[in-house]
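Work through the exercises below with the model open. Try each task before reading its solution.

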Amino acid sequence: MMKLAVVASMVAGAAAFAPAQVAKTSVATNMAFEDALGAQPPLGFYDPLGLVSDGDQATFDRLRYVEIKHGRIAQLAFLGNIITRNGVHLSGDIDYSGHSFDSFPNGYAAISGPDAISGAGVAQIIAFIGVLEVGVMRDITGGEFVGDFRNGFIDFGWDTFDAATKVQKRAIELNNGRAAMMGILGLMMHEQIGGTFPIIGPL
């Protein structure tokens, strides 16, 4: 009886260190997007929160749509920070009172703080963003892929590329957008901390 108990305890101990069994459905759903655009070394298909663990294509397309749009906005934001912090501003005045574009601070201080633009100016910016969101930055006519906002108007020679070149350019945009999201977040954080950085200058 004692020998049986010892053997049973050894089996139980060994089982505790054995790799957990993964359901076949989980493996299948993970493989559904492992070759998707943007799944590349070193992380491959990376979904730590399991947002598309059920393999739903509609959910994946929606998240990819949001990722692409945020990436494009972040690229514009990061580039805008670099340009304005290097002293490049629009010429002329921003309002009828004679305030020039370069008379306002850079970064977040341009819309919040003692030297920020007026509330009416901020409202105009928000309204312009709303117009872009409703009528421009969206797929109206049914694009070739998720995030295709050409809508039969803007092309820049896209239709002249072969399939491999299109995939490459879409991957480049996706990666640049991911980098820009991290970049603009870093700039926003360091703007509050302060300091001086290469290319960007003082924050």
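**Exercise 1.** Is F45 buried, partly exposed or exposed?

*Solution.* Keep in mind that the model is predicted. Start with the value: F45 has a relative accessible area of 24%. Then apply the limits: buried means under 20%, and exposed means over 50%. F45 is therefore partly exposed, at 24%.

**Exercise 2.** Classify the ring pair of F33 and F60, and place both residues in the chain.

*Solution.* Take the geometry in two steps. The ring centres of F33 and F60 lie 4.4 Å apart. Their planes meet at 5°. Planes under 30 degrees apart count as stacked, so the pair of F33 and F60 is stacked. Now locate the partners. F33 is in the loop between α2 and α3, whereas F60 belongs to helix α3. The two are 27 residues apart, and the pair links distant parts of the chain. Finally, check the burial: both F33 and F60 are buried. For F33 the relative accessible area is 3%.

**Exercise 3.** How many aromatic pairs does the model hold, and what kind of pair do F33 and F45 form?

*Solution.* The count is five aromatic pairs. For F33 and F45, the centres are 6.1 Å apart and the planes stand at 40°, so this pair is tilted. Both residues lie in the loop between α2 (24-31) and α3 (57-85), so the pair ties together parts twelve residues apart in sequence. Put the rings together: F33, F45 and F60 are linked into a cluster by ring pairs.

**Exercise 4.** Which charged residues sit over the rings of F149 and F161?

*Solution.* Take the rings in turn. Over F149 sits the charged end of R72, 5.0 Å from the ring centre. Over the face of F161 lies K169, at 5.1 Å from the ring centre.

**Exercise 5.** Which residues make the nonpolar surface patch of about 390 Å²?

*Solution.* The patch is made by Y108, I111, I125 and I129. Of these residues, I129 can be placed in helix α4, residues 119-135. Next, turn to the surface of the whole protein. It exposes about 14300 Å², and carbon and sulfur atoms supply 66% of that area.

**Exercise 6.** Describe the overall fold pattern and the share of buried residues.

*Solution.* Count the elements: five helices and two strands. Read them along the sequence: α-α-α-α-α-β-β. Then take the burial: 18% of the 203 residues count as buried. Last, look at the contacts with a separation of 6 or more. Residues 24 or more positions apart account for 47% of them.

How values were computed: Residues numbered from 1 in each chain as written. Predicted model: local features only at pLDDT ≥ 70, side-chain atom pairs only at ≥ 80, totals over all residues. Heavy atoms only, no water. Helix = DSSP H or I, 4+ residues; strand = E, 2+ residues; numbered from the N terminus. Buried < 20%, exposed > 50% of the residue type's maximum accessible area, 1.4 Å probe, protein only. Contact = heavy atoms within 4.5 Å. Areas by Shrake-Rupley, 256 points an atom, 1.4 Å probe, with all protein chains shown as cover. Patch = residues over 30% accessible without salt bridge, like charges linked within 9 Å, V, L, I, M, F, W, Y side chains within 5 Å. Salt bridge = Lys/Arg side-chain N within 4 Å of Asp/Glu carboxyl O. Phe/Tyr/Trp six-rings, centres within 6.5 Å; stacked < 30°, edge-to-face > 60°. Lys NZ or Arg CZ within 6 Å of the ring centre and 35° of its normal.
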